[in-house]
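Reader: Hello! Could you walk me through the backbone of this one, and explain the labels as you go?

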Amino acid sequence: SCLMPIYDAVRHSGKFNFAGCQLPLPQPLNIPQWKEALDGYSDSIIVQYLQFGWPIGYTSSQFPIHRAQNHYSALAYPEHVAKYLTTEVKHGAILGPFTAPPFTHFHLSPLMTRPKKDSSDRRVIVDLSFPHGTSVNDGIPRDDYLGQCYRLQYPGVDCLVSKILDYGRGCHIFKIDLARAYRHFRVDVSTYSMLMLEWEGLYYIDISVPFG
């Protein structure tokens, strides 16, 4: 893959790609349009993350330790997992398959599935919280990203009511659900070895923001 030389260069630099090498990642986003749309905003640094990859925020001094097994909910629905992997590889969101791990030191997160509402299809999830205590998520602070404190809260019913009161009777409210929204965002290449998957003896690298 053309991304492996980028991985080697960024790892050698000792910095995240956006802060060091700044090697553009292959992706489906129109970066110049994002730059133009966010010009002048206080958080326009988002464009750098989009272009060069988002660090996953892993801060632990210990590399995560895995137990190489997928969950039963994935093993019981192999056709759904196979379809997911094929689709993600096709979209360039996952690299692989590899017959052997491309790294000497790596972490495998288990796959799992959950039923989708009003559908016979199942959602495939990467369980970054397994195993408890040594998972990828265990090394990611909940209230800190790259040294900055934050609190993430999705809008709730109170926010919706407030907007209706602000704009008054007759206002129009729309909701949009973007398919594969997070999967368009590439992660920093230096963390590829932490985001590996295994399925039926083959190995994959999840290079986009995982669901899980």
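Author: Gladly! Keep in mind that this is a predicted model. Let us begin with the prolines. Pro131 is found in the loop between strand 3 (122–126) and strand 4 (144–145).

Reader: What makes the peptide bond from Phe130 to Pro131 cis?

Author: The omega angle. For the bond from Phe130 to Pro131, omega is near -5°, and the bond is cis. Most peptide bonds are trans.

Reader: Which peptide bond is cis with omega near 0°?

Author: That is the bond from Gly96 to Pro97. Here Pro97 is found in strand 1 (residues 94–98).

Reader: Thanks! Now to phi. What is the sign of phi in Leu146?

Author: Phi of Leu146 is near 55°, a positive value, and Leu146 is not a glycine. Most residues other than glycine have a negative phi. As for its place, Leu146 is in the loop between strand 4 and strand 5 (148–149).

Reader: Why is Leu146 called partly exposed?

Author: Partly exposed covers the range between the buried cut-off, under 20%, and the exposed one, over 50%. Leu146 has a relative accessible area of 34%, so it is partly exposed.

Reader: Where does Arg180 lie, and what is its phi?

Author: Arg180 lies in the loop between helix 6 (157–167) and strand 6 (196–199). Its phi is about 60°, a positive value although Arg180 is not a glycine.

Reader: How do you know whether Arg180 counts as buried, partly exposed or exposed?

Author: By the same reasoning: Arg180 has 23% relative accessibility. Buried would need a value under 20% and exposed one over 50%, so Arg180 counts as partly exposed.

How values were computed
Residues are numbered from 1 along each chain as its sequence is written. This is a predicted model: local features need pLDDT of at least 70, side-chain atom pairs count only at pLDDT 80 or more; totals for chains, interfaces and linings use all residues. Side-chain values use heavy atoms; hydrogens and water are left out. Helices (H or I, at least four residues) and strands (E, at least two) are DSSP runs, numbered from the N terminus. Buried means under 20% relative accessible area, exposed over 50%, partly exposed in between (1.4 Å probe, protein chains only).
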